[in-house]
Amino acid sequence: MMLTRRNTLMGLSSLIVSASSANASMPELTFEQLYDTIGVLGMTLSGRVKQLSGQRVRMRGFMAPPLRAEANFFVLTKVPMALCPFCSSDADWPSDIVVVYLSEKQTFVQSNTTIEVEGTLEHGSWTDPETGFVSLLRLASSRFRMS
């Protein structure tokens, strides 16, 4: 097959459509879908979180200021925050944050910039052995981009 501008453009178009289809098929999870109930007795994870646990998902939100510049994780929040919502136990866990562990180092962004994160959803109380950070919900092996 001869390489022409038309063939090149058709090839690029099919690549873009394939990438869009793959991204569209990844389940999206919103902060509103994380819990079934939030009350004085605590929070109950939603059926959707349990169903998607272990799968790659997409979330949109804001990056809370990281604890340190060289961290391999950050906290994804529903609304922009001036301070990192670092928790000492999952009993203090806010309902509108998810810890994001990066698969590779990325440059952090301003806390008022909307980002889209892709990662493997994990749930259940877990303490990071390196930082002592306690989380209830995590996105592991993640990457993000400004949206």
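The following paragraphs describe the strands of this predicted model and the aromatic side chains that pair among them.

The strands β3, β4, β5, β7 and β6 form, in that order, a closed barrel of five strands in which the pairing is mixed. From one strand to the next around this barrel, the twist averages 55 degrees. Within the barrel, strand β4, which covers residues 73-77, pairs with strand β5, which covers residues 97-102, and the two run in the antiparallel sense over five bridges. One of the residues involved is F73, whose bridge partner in β5 is Y101.

Another antiparallel pairing joins strand β1, made of residues 35-39, to strand β2, made of residues 42-45, and it extends over four bridges. Here G39 has G42 of β2 as its bridge partner, and the connection from β1 to β2 is a hairpin that passes through two residues.

Turning to the side chains, the count of aromatic pairs in the model comes to five. In one of them, the rings of F73 and Y101 have centres 5.4 Å apart, which lies within the 6.5 Å required of a pair, and because their planes meet at 35 degrees, a value neither under 30 nor over 60, the pair is classed as tilted. This pair links distant parts of the chain, since F73 belongs to strand β4 and Y101 to strand β5, with their positions 28 residues apart in the numbering. The residues F73 and Y101 are thus bridge partners as well as partners in a ring pair.

Both rings belong to residues that are buried, a term that applies under 20% relative accessible area: F73 qualifies because its relative accessibility is 4%, and Y101 qualifies because its value is 11%. A further aromatic pair is formed by F74 and F108, whose ring centres are 6.3 Å apart and whose planes stand at 75 degrees, an arrangement described as edge-to-face. This pair, too, links distant parts of the chain, for F74 lies in strand β4 whereas F108 lies in the loop between β5 and β6, and the two are 34 residues apart. With a relative accessibility of 1%, F74 also counts as buried.

Finally, ring pairs connect F73 and Y101 with W126 and F133, so that these four residues make up a cluster. Strand β4 therefore supplies F73 to the tilted pair with Y101, while F74, in the same strand β4, takes part in the edge-to-face pair with F108.

Methods:
Residues are numbered from 1 along each chain as its sequence is written. This is a predicted model: local features need pLDDT of at least 70, side-chain atom pairs count only at pLDDT 80 or more; totals for chains, interfaces and linings use all residues. Side-chain values use heavy atoms; hydrogens and water are left out. Two strands pair if DSSP finds at least two bridges between them. Axes are lines fitted to C-alpha atoms, for helices over the stretch in contact, and angles run from 0 to 180 degrees between N-to-C directions. Rings of Phe, Tyr and Trp (its six-membered ring) pair if their centres lie within 6.5 Å; planes under 30 degrees apart count as stacked, over 60 as edge-to-face and the rest as tilted. Buried means under 20% relative accessible area, exposed over 50%, partly exposed in between (1.4 Å probe, protein chains only).
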